[in-house]
Amino acid sequence: MTSTPLTCACPTGWSSAFATTRRSGLGLTSRRRRACPMPRQGRTNPMPRRRRASLMSRRRRANLRLWRRRAAPRSRRRRLLPLLSVPNPPVPEPGRGDKMPRDAMSRDPTPPRPRRKEHRAPPPRRQRDGLIAALDVGTTKIACLIAREEEDGHLRVLGIGHHRSRGMRGGQVANMDELELAVRAAVDAAEQMAGERIGAVVINISGGQPHSTRVEVEMSIAGHEVRASDVRRIQAFGREQHTAVDRELVHCIPISYAIDGADGVLDPRGMYGQTLGVSIHLVSAAMGPLRNLATVIERCHLDIEDRVVSPYASGLACLGEDEKTMGVTVIDMGGGITSIAVFNEGHVIHTATLPVGGQHVTNDIMQGLTTPLVAAERLKTVHGSCLASPSDNRELLRVPQVGEDDEANVHEVPRSMLIQIIRPRLEETFELARAHLDASGLRKIGGRLVVLTGGASQLQGVRDLAEAVLDRPVRQGRPQRIRGLADSVSGPAFSTCAGLLRYAVRHQVETPESDPALEETAVSGALGRFARWWKENF
């Protein structure tokens, strides 16, 4: 078979290579029939080749953009919607790149849509750049720590920021606008010190009246080896025991497992038996305060990675492994509330909150001595104490009066009067804690040791007063040493924030939103569910 090039006679002057034909026994067959189109009737000047190629390339690019838009996942498109709704995107300051203060960011004028509890996407466990951010939202202060986990597994603090809290009362949100400004200020200070930008934080839960429940569930495994899917399934059964509609599950903590009724199993994977049981500690809180706090965090353009109840985080920061194993009670004395956590066998087994705190002591001083709030706080911090001494009657304190700006109208009161105001309130706090432990039956399980932490525990004489009321040895808890943590933020007032960092790295609990079984079901579909069922049962 031979090929004979034919010369194209069309007026466009196309190359004869596009009209090459081959001669065969069946006649002439064209390789490209449309390579040399003849002009239509009445058309004397066809479209030039370059213009036609440019038009085709524009069409291809448009089709490619349309295909990519349709092929994009729904989650990515949902993340882009809030960005597209901002009418005027913020312009970064010159010389700072894309790092701008959080106060300068524009807010979406439309209120956020309420989240549905049953279809919530699992939060990310770690930011893309490896940063860990902890945000302690308290009644009197807001603290933010930014850290990074090093190669040896230890944390190094990169940024520290704290600000006076506004808009919080009794551990709950009282004013969203004021709290948003305080959170932005604390986070921005930590970001500027670290030179990094954070997008998600681990927050503490102090409001909403956290409630602890211990449940025990058991299921049959038909004698086969305990797999990770069995552990996830029995934990899901334990979460289903939480049926309160107006409360949201915060923690689901497996305390111990049992194989064929034998307790004390820490990790049942790889073992054999007929039944698998687990004892689970469920911690729930009121849904309203949790949503209010989440709304404020979202208005600051931050995502919530995890939520931790405040006494649990304080215990992780202050306690050693031996203390958590033999049993210890942690009392976190905050500004608006006092929270309690009981540890035993290495796990937290009970949490509770009391509606009294250091701010109540300040209010008592303000009303008892008729002095402004700032002066009452200074008197409590500098001259306050829980123990009386013989020289208290001779020591006089200058107390400014409310509404008096002249220093000549300052009253002088003996220090013993200040102690008589402070001591009854703290005695009431410890008596409430003792009554709660007795009512819950955890006074013996909590061990002999009591650890006091929190800002209000720094008052002079608190440790001796706690030993007298609780009838137990008491020590003051401070955060265990973290690399890069300054001495000014290493006191008991920052125990919760330091514990949030440790929880983010070494947590051993599984939050309800990040259920691996639910994630696999959502991804695999009906065929994947059938394959998983076949593998688990056969």
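**Legends to the structural views**

**View 1. Overall organisation of the predicted model.** In this predicted model, 66% of the contacts between residues at least 6 apart in sequence join residues at least 24 apart. The protein contains 13 helices and 21 strands. Of its 538 residues, 43% count as buried. The exposed area of the protein is about 30,300 Å², of which carbon and sulfur atoms supply 52%.

**View 2. Surroundings of Asp 230 in helix H4.** Asp 230 belongs to helix H4, which spans residues 228–239. Asp 230 counts as buried because its relative accessibility is 0%, and the limit for that class is under 20% relative accessible area. A polar atom of the Asp 230 side chain lies 3.0 Å from the backbone nitrogen of Arg 227. When residues up to four places away in sequence are not counted, Asp 230 touches Met 219, His 224, Glu 225 and Leu 276.

**View 3. Cys 252 and its burial.** Cys 252 has a relative accessible area of 2% and is therefore buried. A search of the whole structure finds zero disulfides, so no pair of cysteine sulfur atoms lies within 2.5 Å.

**View 4. Cys 318 and its burial.** Cys 318 is likewise buried, with a relative accessible area of 5%. The finding of zero disulfides applies to the whole structure, and this view of Cys 318 may be read together with that of Cys 252, since each residue is buried.

Note on methods: Residues are numbered from 1 along each chain as its sequence is written. This is a predicted model: local features need pLDDT of at least 70, side-chain atom pairs count only at pLDDT 80 or more; totals for chains, interfaces and linings use all residues. Side-chain values use heavy atoms; hydrogens and water are left out. Buried means under 20% relative accessible area, exposed over 50%, partly exposed in between (1.4 Å probe, protein chains only). Helices (H or I, at least four residues) and strands (E, at least two) are DSSP runs, numbered from the N terminus. A polar contact is a pair of N or O atoms within 3.5 Å; within protein, one must be able to donate a hydrogen and the other to accept it, and residues adjacent in sequence count only if both atoms are side-chain atoms. Contact means heavy atoms within 4.5 Å. Accessible areas come from the Shrake-Rupley method with a 1.4 Å probe; for residues, only the protein chains shown count as cover.
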